[in-house]
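Visitor: I would love a close look at one part of this model. Could you pick a single residue, stay with it for a while, and then walk me outward to the rest?

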Amino acid sequence: MTAALVLPAMLFLILCFVAPLLALFKLSVTAEQGWQWAYGQILGSSVYLRVFWNTLVIAFVVTVLSVILAYPTAYLLTLLKGWKLALAIYGVLFPLWISVLIRTFAWILLLEKNGPVNRLLVGSGLTESPIQFLFNNTGVLIGMVHVLLPYAILPIFANMLRIDGRLLLASDGLAASPWMTFRRIYLPLSMPGISAGAVFVFLLSLGFFITPALLGGINNLTVAMLIELLVNERLIWSQAAAASVLLLAAVGAFLAVTTRFVRLGAVLEAR
Amino acid sequence: MRTRWAAHIFGSAVLAFLMLPILAVVPASFNHQTFIRLPPETWSLRWYGRFFADREWLTSLWTSFEVAVISTLLSVALGTAAAIGLARLGGRLRALLTGLVLAPMIVPVIVTAVALYYLGRYWGLTGTVLGLSIAHVLTCLPFVVLNVGVSLRALDPNWLRAAEGLGASPARVFFTVTLPTILPGLFGGAAFSFISSFDEVTMSIFLAGITAKTLPVKMWETVRLEFTPVLSVASTLLIVLTIATFAAFRVAGRRT
């Protein structure tokens with residue numbers, strides 16, 4: 001009975017998810033020039049290695065920026081009550097419902113050369129000429145932080161709710177300064193939320209495609225853009241497969257290390 | 001006290017940063033000119049007219065609808081059964097199978113997309129509604145299993161035993177005890193499935209070909225070619241549809 005319930009979904013996943021991934025792996029090691037050829041082409045090329053490096057740097061910066069923006073926002077959520085809390089929660093969840101494509105397109109509208117942001121900057125005299133936000137890493141960072149920020153806010157908020165307020169009162173009563181209470185009590189207790197949020201944002205950043213592809217430039221390729229390029233433009237399937245396997249391996253290694261310290265289940269529940 | 005003020009100012013700014021940019025597409029869709037200017041100098045419905053007169057845009061909207069319905073039905077059927085089954089399993093096997101269900105959330109979508117595109121060409125799934133629906137089930141299934149799984153915790157095993165003891169058949173137990181309990185989770189999972197299928201871009205641009213373009217695929221192709229106000233019309237319609245879907249599923253969930 002139990003088997004009959006679970007089996008259809010599992011068969012579906014094995015056939016439509018595991019099998020294609022295995023086929024992709026096989027493709028990466030069966031190039032005519034030998035099994036290691038595709039990997040050699042990628043790992044031996046400074047151009048390709050720079051793409052991997054660029055992806056790591058972007059993922060890292062996006063993670064740091066997201067946590068910095070998320071922490072005070074999550075704290076604000078713990079202070080709010082009633083309709084204000086409901087409004088703020090919807091403010092965090094609403095972007096998650098909206099297509100990544102729309103969110104990215106909105107940034108193109110706002111950040112383009114004659115867009116409202118640049119008109120405001122030039123009009124107020126802050127800059128002499130419009131700033132080039134799009135088709136470089138600046139645009140990619142703005143767009144990705146915007147898309148991934150809720151994934152940092154939610155686990156930090158869920159974690160802060162579980163902090164026992166009496167501990168803060170006790171610290172206060174023992175004559176610790178507010179800064180001391182924050183640094184010695186509140187911050188360490190909110191660390192699980194911070195690390196869960198950071199892991200999730202970093203993980204999603206590594207394989208991000210739509211936002212970098214639309215806001216980034218051809219000189220700032222990410223691994224996801226490289227894979228698409230190899231499949232659709234260059235038609236070198238074995239290298240695309242090898243790049244995919246390497247990206248997957250990076251994600252797997254990152255998860256293997258971090259899940260020793262962070263309970264990812266907490267993140268999923270927070271969603 | 002000072003930190004509270006700082007949190008209010010900074011946090012509100014971040015919340016505005018999250019919300020407002022998305023809404024920029026709405027005024028942009030009421031532009032009159034042929035290029036997008038924000039805020040518009042003259043307002044009109046011109047580009048809505050253009051959208052609804054264009055066969056390609058309408059076809060893509062219909063394809064999106066077909067794919068979303070099929071993948072939601074598939075995900076709810078497979079996912080609900082799996083969630084009930086998983087709750088009965090214990091230990092290692094349960095952890096392993098749950099991991100398999102959640103894996104598509106962890107594996108970068110671009111990798112899944114390329115893998116499906118590669119094998120889908122042999123299986124004749126590229127450029128078909130069925131191929132897109134199968135791909136979307138991968139992203140929808142975790143939502144259903146997680147949502148139904150959470151609402152299953154509210155199900156007291158004693159109720160099932162009582163129903164069985166009173167002579168109800170397994171099917172009767174399911175429809176009179178289990179289903180009503182998990183219905184809120186089921187509706188929640190269905191709403192997320194429908195929306196995430198309607199919004200899905202990455203896998204769709206690989207699998208759509210020229211015969212099964214969904215609305216996001218059409219938008220993706222257009223935005224790479226030209227910067228037309230029709231794009232903000234499509235975006236606005238998609239936002240309205242998203243909100244309407246969530247509202248509809250919420251009302252349906254409450255009624256039951």
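Guide: Let's begin at Ser29(B), which belongs to helix H2 of chain B, covering residues 25-29. Please keep in mind that this is a predicted model. Ser29(B) counts as buried because its relative accessibility is 0%, and buried here means under 20%. What does Ser29(B) touch, once its neighbours within four places in sequence are left aside? The contacts are Ser44(B), Trp47(B), Tyr48(B), Ser232(B), Val233(B) and Thr236(B). Pro229(B) is worth finding too: Ser29(B) and Pro229(B) are 200 residues apart in sequence, yet their C-alpha atoms are 5.9 Å apart in space.

That pairing across the sequence leads to chain B as a whole. In chain B, among contacts between residues at least 6 apart in sequence, 70% join residues at least 24 apart. The chain has 12 helices and 0 strands, and its pattern along the sequence reads α-α-α-α-α-α-α-α-α-α-α-α. Along the principal axes, the C-alpha atoms of chain B fill a box of roughly 70 × 65 × 35 Å. Chain B has 256 residues, and 52% of them count as buried, with Ser29(B) among the buried residues.

For a second stop in chain B, try Ile243(B), in helix H12 (residues 230-255) of chain B. Is Ile243(B) buried or exposed? The label is partly exposed, because the relative accessibility of Ile243(B) is 41%, and that class lies between under 20% for buried and over 50% for exposed. Ile243(B) can be paired with Ile195(B), 48 residues away along the chain, with 9.4 Å separating the two C-alpha atoms.

How confident is the predictor about chain B? The mean pLDDT of chain B is 89, with 99% of its residues at 70 or more. Among its elements, helix H4 of chain B (residues 55-88) has the highest mean pLDDT, 94, and helix H8 of chain B (residues 157-165) the lowest, 85.

Now let's follow helix H1 of chain B, residues 2-23, across to chain A. The axes of H1(B) and H7(A) come within 11 Å and cross at roughly 125 degrees. That angle is why H7(A) is described as oblique to H1(B). The crossing of H7(A) past H1(B) is left-handed. From H7(A), the residues taking part are Ile142(A), Val145(A), His146(A), Leu149(A), Pro150(A) and Ile153(A), and they meet Val14(B), Phe17(B), Leu18(B), Pro21(B) and Ile22(B) in H1(B). Sorted by class, this contact has 10 nonpolar residues, 1 polar residue and no charged ones.

H7(A) also packs within its own chain. H4(A), residues 82-97, and H7(A), residues 137-161, have axes that come within 10 Å and cross at roughly 140 degrees. H4(A) is therefore oblique to H7(A), since the roughly antiparallel class takes angles over 145 degrees. H4(A) passes H7(A) in a left-handed crossing. The contact is built from Ile89(A), Val92(A), Leu93(A) and Leu96(A) on H4(A), and from Pro150(A), Tyr151(A), Ile153(A), Leu154(A) and Phe157(A) on H7(A). By class, the H4(A) and H7(A) contact holds 9 nonpolar residues, with no polar and no charged ones. Pro150(A) and Ile153(A) are worth highlighting on your display: both take part in the contact with H4(A) and in the one with H1(B).

Just before leaving H7(A), look at the loop between helix H6 (116-123) and H7 of chain A, where Phe135(A) is found. Phe135(A) has a phi near 60 degrees, a positive value in a residue other than glycine. With a relative accessible area of 48%, Phe135(A) is partly exposed. Leu235(A) also has a positive phi, near 55 degrees, and is likewise a residue other than glycine. Leu235(A) sits in the loop between helix H11 (223-232) and helix H12 (237-258) of chain A. Leu235(A) counts as exposed because its relative accessible area is 59%.

Finally, here is the confidence for chain A. Chain A averages a pLDDT of 88, and 97% of its residues score at least 70. In chain A, helix H3 (residues 46-79) has the highest mean, at 94, while helix H13 (residues 264-270) has the lowest, at 52.

Note on methods
Residues numbered from 1 in each chain as written. Chains lettered and ligands numbered in written order. Predicted model: local features only at pLDDT ≥ 70, side-chain atom pairs only at ≥ 80, totals over all residues. Heavy atoms only, no water. Axes fitted to C-alpha atoms, helices over the stretch in contact; angles between N-to-C directions. Helix = DSSP H or I, 4+ residues; strand = E, 2+ residues; numbered from the N terminus. Parallel < 35°, antiparallel > 145°, perpendicular 65-115°, else oblique. Left-handed = near helix turned anticlockwise from the far one by under 90°. Contact = heavy atoms within 4.5 Å. Nonpolar A, V, L, I, M, F, W, Y, C, P; charged D, E, K, R; others polar. pLDDT = per-residue confidence, 0-100. Buried < 20%, exposed > 50% of the residue type's maximum accessible area, 1.4 Å probe, protein only.
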